Amino acid sequence: MATVIGAHNFAALKAVYERPSLRWILQPRMQLTFSGRRMNLQSKSSDEVEGSPWDNKGLLQSQELYRYVLETSVYPREPEPLKEIRAITANLPDFYMGTTPDSGQLIAMLLNLLNAKNTIELGVFTGYSLLLTALTIPDDGKILAIDSNLESYELGLPVIRKAGVEHKINFKHSPALPVLDKLLEDDKNRGSFDFAFVDADKTNYGNYHERLMKLMKIGGLIVYDNTLWYGTLAMPEESVHKLMRSERSYLLEFNKFLAADTRIQISQVSLGDGMTICRRLF
Ligand code: SAH
Ligand code: CA
């Protein structure tokens with residue numbers, strides 16, 4: 001696959017892709033070469049692929065099986081605006097951060113089962129999970145969406161507007177923790193949320209959990225994303241790339257903590273990069 005990139009983006013993109021850390025992430029699955037303004041992205045066949053924690057967005061052991069799942073059950077039902085967000089995100093250096101569409105399908109089902117109307121999202125990026133939520137909840141539903149980065153949100157915003165669901169979204173450009181603390185100052189926010197999707201900085205998940213447990217309705221769901229951290233949780237630390245170690249050790253503790261938290265029912269699912277679904281029991 002060859003992609004021609006505008007002059008405006010090209011130098012920046014080339015610099016990013018040539019960074020040794022990213023090269024390491026991309027190389028297990030893709031061969032990237034540059035010629036003129038053309039970037040050639042060549043997928044390697046699976047027998048050329050060497051094992052690496054970041055070589056596959058999903059946790060399935062075969063890329064072919066993952067592709068099968070996407071092509072059979074996911075892409076045919078994925079709403080057009082979500083495909084657009086994915087297309088925009090695919091060109092970014094941080095493309096791998098977007099929620100995978102198979103995880104999205106489960107999130108939509110959970111929202112429908114709950115009849116969720118009042119939701120909160122920590123970590124929006126270009127808005128895949130946000131738009132998915134906005135498309136799923138009723139017309140008078142609300143999403144409080146928080147991200148410390150405005151630029152990535154603005155990349156997806158035209159698609160959200162075109163889809164006619166912006167009125168459901170209250171975007172806060174801020175780190176998540178102070179927004180949660182502020183909400184807790186007003187008693188009427190306690191026990192008021194049906195659904196939370198947590199996908200911001202992983203090493204704050206424990207802090208988010210304590211606050212969200214007060215903000216959720218009894219019976220409401222908190223979904224934590226990336227709880228299996230590219231599969232590194234089951235690898236010895238020395239075989240894990242150093243960029244991934246602090247989250248790895250944090251999540252090892254956090255997953256144990258959730259498993260022991262009697263206030264919630266949990267289900268660890270291995271879609272995407274692992275999601276833990278928590279239901280507030282009391
Ligand atoms: N849910 C998104 C992916 C989120 S990626 C999707 O479906 O595409 C993680 C996001 O968390 C990034 O956009 C980053 O800016 C944001 N983030 C990181 N630390 C944060 C913090 N402390 N508070 C709020 N957002 C944060
Ligand atoms: Ca994520």
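1. Helix H10 is covered on its buried side by several elements: among the parts packed over its buried residues are H9, E8, strand E9 (264-269) and strand E10 (275-280). The model under discussion is a predicted one.

2. The residues of H10 that count as buried are Glu-247, Arg-248, Leu-251, Phe-254, Asn-255 and Leu-258. Viewed down the helix axis, these buried residues lie within an arc of 130°, so they line one face of H10. Lys-256 and Ala-260, both exposed, sit on the face turned away from that buried side.

3. The geometry of H10 (residues 245-260) agrees with expectation: at 1.5 Å a residue, its 16 residues should span 22 Å, and the end C-alpha atoms are 23 Å apart.

4. The calcium ion (ligand 2) has as its donors Asp-199 (OD), Asp-199 (OD), Asp-225 (OD) and Asn-226 (OD1), at 2.3 to 2.7 Å. Along the chain, the donors follow the spacing D-x25-D-N. Distant parts of the chain are thereby linked: Asp-199 belongs to the loop between strand E7 (193-198) and helix H9 (205-215), while Asp-225 belongs to strand E8 (residues 216-225), 26 residues apart. Asp-199 and Asp-225 are both buried.

5. As to the overall fold, the protein chain contains 10 helices and 10 strands. Of its 282 residues, 48% count as buried. Among contacts between residues at least 6 apart in sequence, 67% join residues at least 24 apart.

6. Regarding the surface, the protein chain exposes about 14000 Å², of which carbon and sulfur atoms supply 54%.

Notes: Residues are numbered from 1 along each chain as its sequence is written. Chains are lettered from A and ligands numbered from 1 in the order in which they are written. This is a predicted model: local features need pLDDT of at least 70, side-chain atom pairs count only at pLDDT 80 or more; totals for chains, interfaces and linings use all residues. Side-chain values use heavy atoms; hydrogens and water are left out. Donors are N, O and S atoms within 2.8 Å of the metal (3.2 Å for Na, K and Ca); water is not among the atoms, so sites may look incomplete. Helices (H or I, at least four residues) and strands (E, at least two) are DSSP runs, numbered from the N terminus. Buried means under 20% relative accessible area, exposed over 50%, partly exposed in between (1.4 Å probe, protein chains only). Contact means heavy atoms within 4.5 Å. Accessible areas come from the Shrake-Rupley method with a 1.4 Å probe; for residues, only the protein chains shown count as cover. The expected span of a helix is 1.5 Å times one less than its number of residues. The arc is that of the directions from the helix axis to the C-beta atoms.
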